[in-house]
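Student: Hey, got a minute to go through a structure with me? I'd like to start with the helices.

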Amino acid sequence: MPVVPLNTIVSDAFDKRYGVPAINIVNDLTLESVLAAAVEKSSPLIVQTSVKTVRSIGSDVLYAMWTAMTAGIEVPVTLHLDHCPEREVISECLARGWNSVLFDASRMPVEENMRQTVEVVAEARGYGAHVEGEIESITGVEDGVGSDTAAERQSLDTVLEFLRTTQVDVFAPAIGNAHGAYKQAPVLDFQRVADIVAAHPLPIALHGGSGMSDEQFHEMISLGCAKVNISTALKETYMKSNLAFLQSTAERGKWDPPSLFRAVREDVVEMAGSLMTLFGSAGRAD
């Protein structure tokens, strides 16, 4: 199955109440690893790139990696630009071929957020792409975007006005979730997700997934969180796997980069595959 639009993946997940991992990759190894996990688990997958990753690798090279690695892929996959407050980066990625973007205008007043989100949706539609929107900041800083100060949550009426006005395809509410590592177990507002979905049925994006309990994931997914963002867990797996292998290498005095790459790949594939099983997306590509 070729690369597909974001809606193709999240609409099925929303209707059937399973979650699809939306994993932030950081380089070619992590990209290849999460794609391999999707094929191994026969799972749809949303591959995400942060603004920081786009800038560090370059959109041309990053998109060339994506097209090369997804050529002839057997499961539905899509490429998404995560939290991006900068319109020029959104335009750059849409023009290159990203399938969807999250326009993060959550620090703007709601009225300005809506006005600009309408423009981003129109721009994305011109490329056959989709848009995720938000009107409240998710607590925590991820790849240089965000704030550790929790934003005030908007009323349900304001959320519904935003959704009707902008016609975004996916919505990311603030529900007690946070980016980065949780300092204590998060207290999630399940009712808020239920209320939004009941009033305006659309796929919900669950941000700050790294560190939530299995029970919290299952409950949120059952309420309509079809897109489950994972970033910190990928970074920690990647870095810790490198560290463990290099410490062992130093002790043995045997330096072989391909062996390092194989070991790290194995750990990232395992992590991504376990999430696909946990969220219920494994086997959904059959």
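Tutor: Sure. First a cut-off: a residue is called buried if its relative accessible area is under 20%. Keep in mind that this is a predicted model.

Student: OK, so which residues of H5 are buried?

Tutor: In H5, the buried ones are Val89, Ile90, Cys93 and Leu94.

Student: And where do they sit around the axis?

Tutor: They span an arc of only 130° around the axis, so they lie on the same side of H5. In general, an α-helix has 3.6 residues a turn, so residues three or four places apart point the same way.

Student: What covers them?

Tutor: The cover includes helix H3 (51-57), strand S3 (77-84), strand S4 (100-103) and H6.

Student: How do the axes of H5 and H6 cross?

Tutor: The axes of H5 (residues 87-96) and H6 (residues 110-126) come within 11 Å and cross at roughly 15°. Since angles under 35 degrees count as roughly parallel, that makes H5 roughly parallel to H6. The crossing is right-handed.

Student: Which residues meet there?

Tutor: From H5 you have Arg87, Ile90, Ser91 and Leu94, and they meet Gln116, Glu119, Val120, Glu123 and Ala124 of H6. By type, that contact has four nonpolar, two polar and three charged residues.

Student: What follows H5?

Tutor: Glycine 97, with a positive phi near 130°.

Student: Switching topic: is threonine 117 buried or exposed?

Tutor: Threonine 117, in helix H6, counts as buried because its relative accessibility is 1%. Leaving out residues up to four places away in sequence, threonine 117 touches Phe103, Phe162, Thr166 and Val168.

Note on methods:
Residues numbered from 1 in each chain as written. Predicted model: local features only at pLDDT ≥ 70, side-chain atom pairs only at ≥ 80, totals over all residues. Heavy atoms only, no water. Axes fitted to C-alpha atoms, helices over the stretch in contact; angles between N-to-C directions. Helix = DSSP H or I, 4+ residues; strand = E, 2+ residues; numbered from the N terminus. Parallel < 35°, antiparallel > 145°, perpendicular 65-115°, else oblique. Left-handed = near helix turned anticlockwise from the far one by under 90°. Contact = heavy atoms within 4.5 Å. Nonpolar A, V, L, I, M, F, W, Y, C, P; charged D, E, K, R; others polar. Buried < 20%, exposed > 50% of the residue type's maximum accessible area, 1.4 Å probe, protein only. Arc of directions from axis to C-beta.
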